[in-house]
Amino acid sequence: MLIVLLGEDVYAKQEYLQNIIEKSELEIARYDATMPLPKLGSLAGQSLFGAGQIHIFSHCLGQYDLPELESAAKGTSQIVFIEDTLDKRLTKTKQLMKIAEVKEFLAPAPEVAAKWIVSHAESIGITIQPAAAAEMSLRLIGETKKNLSTTAAHNELLKLWAFAGEKTITKQMVEELTPKDLAIDLFALLDSIGQKNKPAVVRLLQQYYDSSSEDDKTLTIRLSALLADQLRSIMIVKQASEQRLSDNDLLTATGWKSGRLFIMKKLANNFSAQQLSGALNKFYNLDKELKNSNLPPRIVIDMIVAVI
């Protein structure tokens, strides 16, 4: 049995998948593109403990050809592919739509985005004022996006919840902490870099480049500048901590709001002063490389981020 879950609402897909798992009481085997992938034909049968398995593949569909997928669709093993989208013009996709159970979970449209935020917040134990949810949806969608990024909204909720001290998130908190219409979630990117979560870093960078019609060189220069600015702020926090400077003194010296200091302190936990100094030097060299080299910009930024 072959199931394909499409769409950008990753949490709706997770909920749908969880319902399948709970009803069938199957053991779970997960795969992603960063690991060696098995032949689909080898997945038949039971586990060593006698229970059946459900095999879940994240963004791996492109690694399998149509004949193998057709064979898997006829088998008894439960195989689920989780993808963002498929090119419906391709012959492979058209045939896949015929042989697999395909479900699509679209990202929330602007008119329902605030309602989605309130509902999702409730599902993860967070309370947010309706006015705050409305403000968040406006800031995250902005003028450049058609729909709400559920991943960005989820990350913002967690960030705001930590700042709120687990109290209700207010509109004022959103105005202070949620940036307007950023093409990339810098907090999530830097946090993933600090955690050395390479799959998350690659995914965020890919989304950044794919979300714009601008050329790669322009996008890379902008991203480099944004990251360098954030890294300098993190460096300031690290130095202030070493000098035992109080938060009030740091806020006065920098002109920051308390929300920004909260975020910078949280990110600073993931980096050493040596890492930050080295990263800033690399971004300086990256700027020169982009202006004086024919090296593809995406390769340059990937090289820099990978070694931070």
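Here are some questions and answers on a predicted model.

Reader: Before we dig in, what pLDDT do local features need here?

Author: Residues are numbered from 1 along each chain as its sequence is written, and side-chain values use heavy atoms, with hydrogens and water left out. This is a predicted model, where totals for chains, interfaces and linings use all residues, side-chain atom pairs count only at pLDDT 80 or more, and local features need pLDDT of at least 70.

Reader: How many salt bridges turn up in the whole structure?

Author: Side chains of opposite charge can pair when their charged atoms come close. The cut-off is a side-chain nitrogen of Lys or Arg within 4 Å of a carboxyl oxygen of Asp or Glu. Searching the whole structure that way, the count of salt bridges is six.

Reader: Which residue pairs with Glu135 in a salt bridge, and is Glu135 buried or exposed?

Author: Buried means under 20% relative accessible area, exposed over 50%, and partly exposed in between, with a 1.4 Å probe and protein chains only. The two partners sit four residues apart in helix 5 (residues 130-141), so about one helical turn separates them; helices here are DSSP runs of H or I with at least four residues, strands are runs of E with at least two, and both are numbered from the N terminus. The N to O distance in the bridge is 2.8 Å. Glu135 is buried, and its partner is Arg139.

Reader: How far apart are the closest N and O atoms of Glu156 and Lys159?

Author: Both Glu156 and Lys159 are buried. They are three residues apart in helix 6 (residues 150-163), which means a separation of about one helical turn. Their salt bridge has its closest N and O atoms apart by 2.9 Å.

Reader: Which residue does Asp229 bridge to?

Author: The closest N and O atoms of this salt bridge, between Asp229 and Arg260, are 3.9 Å apart. Asp229 is in helix 10 and its partner in helix 12, so the pair ties together parts 31 residues apart in sequence. Asp229 is partly exposed at 37% relative accessibility, and the partner, partly exposed at 30%, is Arg260.

Reader: What span should helix 10 have, and what separates its end C-alpha atoms?

Author: Helix 10 (residues 216-242) has 27 residues. The expected span is 1.5 Å times one less than the number of residues. That gives 39 Å, which agrees with the distance between the end C-alpha atoms, 38 Å.

Reader: Which residue just after helix 10 has a positive phi?

Author: Look just past the end of helix 10, where phi is about 55°. The residue is Arg244.

Reader: How far is Asn269 from Lys238 in space?

Author: Asn269 is in the loop between helix 12 (258-268) and helix 13 (273-292). Its relative accessible area is 68%, so Asn269 is exposed. Asn269 and Lys238 are 31 residues apart in sequence, while their C-alpha to C-alpha distance is 8.7 Å.

Reader: Which backbone oxygen does the Ser77 side chain reach?

Author: Ser77 is in the loop between helix 2 (66-74) and strand 4 (78-82). With 11% relative accessibility, Ser77 counts as buried. At 3.0 Å, its side chain reaches the backbone oxygen of Leu43.

Methods. Polar contact = N/O pair within 3.5 Å; in protein donor to acceptor, adjacent residues only side chain to side chain.
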